[in-house]
Amino acid sequence: MKKTTMKAARQHKILLPTLLATAVLSVSTGASAAESVFVGHLADMSGPTAFIGKVYANGIRDSLAYINANGGINGTTLEYETIDYAYKVPQAIAAYKKWKSRKNMVVMQGWGTADTEALISFVAKDKTPVFSASYSGHLTDPTGKNPNTKKPAPYNFFYGASYSDACRGLVQWAAEDWKAKGTAGKPKFTHIGANHPFPNAPKKACAEYATELGFDVQSPVVVSMKPGDFKAQCLSIKSSGSNYGYIGNLGGSVLSLVKSCNTVGTDIQFMSNIWGGDRKTFAAAGEGIKDYIFPAMTPFWDDSAPGMNLVREISKMSDKSGEKSRLHHYMRGVCSTYFMKEAMEWADANGGITGENVKKGMYAQSNWVPKGLEGVCLAANWTAEDHRGINQVNIYKGNFNGGEVKIDKVTTVTLTRRDDWLGY
Amino acid sequence: MSSLALRPCGDFRTSYKQDNTIFETKTIRRMAIIAILVLCTAPLFVDGYVLTLCIQIAYLGIAALGLNILVGYTGQISLGHGAFFGFGAFASAWLNTSFHIPVFLSIPLAGFLTMAVGMMFGLPAARIKGLYLAIATLASQFIIEDFFARADWFSGGSYGAAAEPLTMFGFAFDTDQSFYYVALFALVTMFIWACNLLRSRDGRAFVAIRDHYLSAEIMGIKLNKYRLLSFGISSFYAGIGGALYAHYLGYVSAEGFTIFLSIQFLAMIIIGGLGSVKGTLMGVIFMVFLPEVLESGVSVLKDTDWGNVPMVVDGLAYIKEMAIGLVIIGFLIFEPEGLAHRWAQIKNYWKFYPFSY
């Protein structure tokens, strides 16, 4: 028995890949029509970041469907496919390669840190612009102008302020807030988050700017990305007497943190990253969300910006009734897709829709707001040497009062485009 | 060398040479060589997508084989294999960028560095067994993961590390087609190496420890030495796999090397067959192709009228994720010895057809 097992094994150790390879090849489909260009869409709808990944992905998917339903890119249809890679890097790579080799992908809409960073080298080599929802600061230096940039990311774009810039904006607001309150002494600032690439992304950059603005920067407090009892961490925040805390985590972890710190009775002003605050999170947290500061790059669903009409039309692509209320992450997906759309239109008019031309199209306009989305997308400026499209941070305040979530705009902070902040 | 017992009757070996062959018959050896030659021509026929999957199979396969040496052959357990895989990836990128060691040298060096780290974590592990060992190795997963996030000098912290492509004699292996050969070469080398290891004195010692550690010790096998060695070799394989991954991607970020990757490695060897070299490869192929096959199933449905109805597509996404879990449970219940065993049965059936016993 066993001998034959071994025989078979040795032989088929090598044969099997060949067989499987041919099998997969025969299943595959290819060939895209001349009248369409392919846009790949990586999304996380069933993985660890799915609870916000789905919202953002729906924004992209509905926009792509809406663009097609309304004439495409000057008549060229967008052929697209959404692949749920469940935040797994190997699957993201496989999906990318599939699109690249079989569908002749021109542009990709990506999602998080994991897929975006894994693909940085590939997209640069293949000249495929990627629009991600990973806002890491190091994606903003396309040429490696800043000597601190380890790896230039020439084909990476995102709509919104980078994690670092958003945090800088919050710190800038905090400095003014401290002055307005007129309390004596130096304000204390703490970074709160898990020890992972995503919460850590703005840690150093933000702490440096906080020090520059006269904050007393405390040592960071590590809080797990998974929800839990964070009273111990809250006690250390309390004993340090920190006044402002930047939350690097998201979702359930933020809820646990706010609740634990309320129990402990800290006197800290929380400021979260862009994924750390939305209506759903506040509603789930219930009483206890008080003046929770968070940044946003778009208005909210019930706001009455002129561009919201278009957003509501787009939303009907997957919600015929038009009654569904979307989280504001959805609008970021819409903006990301529409900047891509207009860059593709520019490319179409200037030599054809190729990855290289779409990249050039991203630099064609300044103070750029996609048509129809006025008041939804912030004016963006991408240049060949600076991929910090947005240098504005809208700061909002979330409250939960008597069963109702209330979100008010606090202010808009505009950051200077400092050279030493490029790619950082 | 997994099957030292339960030989079928009539299977005699009269010399050590016979007992030690990698390929049991000339036909199998010829078939293997032909298969490798056929694989060498693959880039002429298949596209980048299939090549990517083959490259994935190669680097994951090398790492999974390391885990199988530890779990399947030595009877230990490791829940930190994904972290060692990541360590190899970062180590190779770090050696290359910080010390300008050429990539073809930094890959094996990264293997040895990972081996050193693996043995360090193996030190306490060599003295404990069972559940305790599982928890100790789980700790190594989290310690190394935390190290990635903190050690800016090594991994670039939250920024990740850039990895140069492999270059030899001025030729850069930076396309799927060219890197495929690197991956194939590494896979074949590492698998032959493992086969050789397992028919050596050390390999037999591993199996003896797995089968009955007390008897092994009485026979004069140093338990600590061999357990530690097994940890070292397993980490070496993980390091090589990780280094290949790094230089294929060109960029390493700590995001990918979580406990999920470690569990995925375990799933690969359980599905493939514990204590089987070829089973490892089968398990890896299965785990790499399963999501892709399910995905193409979803895509086929997307081309129909049900296409971009988000509810349908999202639902399928969940089914796809659940299917992977379901397959693992299915294997544990119906085929605990893995694909390798199933394959042997299929082969036996046809060998004696129509008189199978």
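These are my notebook entries on a predicted model with chains A and B.

**Entry 1: domains of chain A**

I started with the division of chain A. Domain 1 takes residues 36-161 + 303-361, and domain 2 takes 163-300 + 391-421. I looked up the distance between their C-alpha centres and got 28 Å. On the contact itself, domain 1 of chain A puts in 19 residues and domain 2 of chain A puts in 27 residues. Which elements give two or more residues to the domain 1 side? I found α2 (50-69) and α12 of chain A. Of the elements on that side, α12(A) gives the most, with 5 residues.

**Entry 2: the five-stranded sheet**

Next I went through an open sheet of 5 strands in chain A. I read its order as β2-β1-β3-β4-β5, with parallel pairing. Why do β2 (77-84) and β5 (156-158) of chain A each have one side without a neighbour in the sheet? They stand at the edges and each has a single partner strand, so one side of each is left free of a neighbour there. I also noted the twist, which averages 25 degrees from one strand to the next.

I then picked out one pair from this sheet. Strand β1 (residues 36-43) of chain A runs parallel to strand β3 (residues 107-109) of chain A, and 3 bridges join them. Within that pair, I see Gly40(A) opposite Met108(A) in β3(A).

Helix α12 (residues 328-349) of chain A came up again here. It packs on the sheet and touches β3 and β4 (130-132) of chain A, and its direction makes about 170 degrees with that of β3(A). I checked helix α3 (residues 89-103) of chain A as well: it lies across β1 and β2 of chain A and runs at about 175 degrees to β1(A).

**Entry 3: Ala86(A)**

While on β2(A) and α3(A), I looked at the loop between them, where Ala86(A) is found. Ala86(A) is not a glycine, yet its phi is positive, at about 55 degrees. Is Ala86(A) buried or exposed? I counted it as buried because it has 23 C-beta neighbours inside 10 Å, and 20 or more is the cut-off for that.

**Entry 4: around β9(A)**

I moved on to strand β9 (residues 244-247) of chain A. Both of its faces are covered: Tyr244(A) and Tyr246(A) on one side are buried, and so are Gly245(A) and Ile247(A) on the other.

What does β9(A) pair with? Strand β6 (residues 188-193) of chain A pairs with β9(A) in the parallel sense over 4 bridges, and in this pair I find Thr190(A) opposite Gly245(A). β9(A) also pairs in the parallel sense with strand β10 (residues 269-272) of chain A, over 4 bridges. There I matched Tyr246(A) with Met271(A), and Ile247(A) with its bridge partner Ser272(A).

I looked at the sides of β10(A) too. Gln269(A) and Met271(A) point one way, Phe270(A) and Ser272(A) point the other way, and all are buried. As for the connection, β9(A), helix α9 (residues 252-264) of chain A and β10(A) make a right-handed β-α-β unit.

**Entry 5: helices of chain B**

I turned to chain B and checked helix α9 (residues 176-198) there. The helix has 23 residues and reaches 32 Å from first C-alpha to last, close to the 33 Å expected at 1.5 Å a residue. I listed the buried residues of α9(B), among them Phe179(B), Tyr180(B), Val182(B), Ala183(B), Leu187(B), Met190(B), Phe191(B) and Ala194(B). For reading such a list, I kept in mind that an α-helix has 3.6 residues a turn, so residues three or four places apart point the same way.

Arg201(B) sits in helix α10 (residues 201-211) of chain B. I put Arg201(B) down as exposed because it has 8 C-beta neighbours inside 10 Å. How many Å separate Arg201(B) from Glu164(B), C-alpha to C-alpha? I got 38 Å, for a separation of 37 residues in sequence.

**Entry 6: His100(B)**

Last, I looked at a positive phi in chain B. His100(B), a residue other than glycine, has phi near 55 degrees. I placed His100(B) in the loop between α5 (81-99) and α6 (103-125) of chain B. Is His100(B) buried or exposed? I called it exposed because 9 other C-beta atoms lie within 10 Å, and the cut-off for exposed is 12 or fewer.

Notes
Residues numbered from 1 in each chain as written. Chains lettered and ligands numbered in written order. Predicted model: local features only at pLDDT ≥ 70, side-chain atom pairs only at ≥ 80, totals over all residues. Pairing = 2+ DSSP bridges. Right-handed = clockwise from strand over helix to strand, strands pointing away. Expected span 1.5 Å × (residues − 1). Axes fitted to C-alpha atoms, helices over the stretch in contact; angles between N-to-C directions. Contact = placed C-beta atoms within 7 Å. Domains from an automatic or database assignment.
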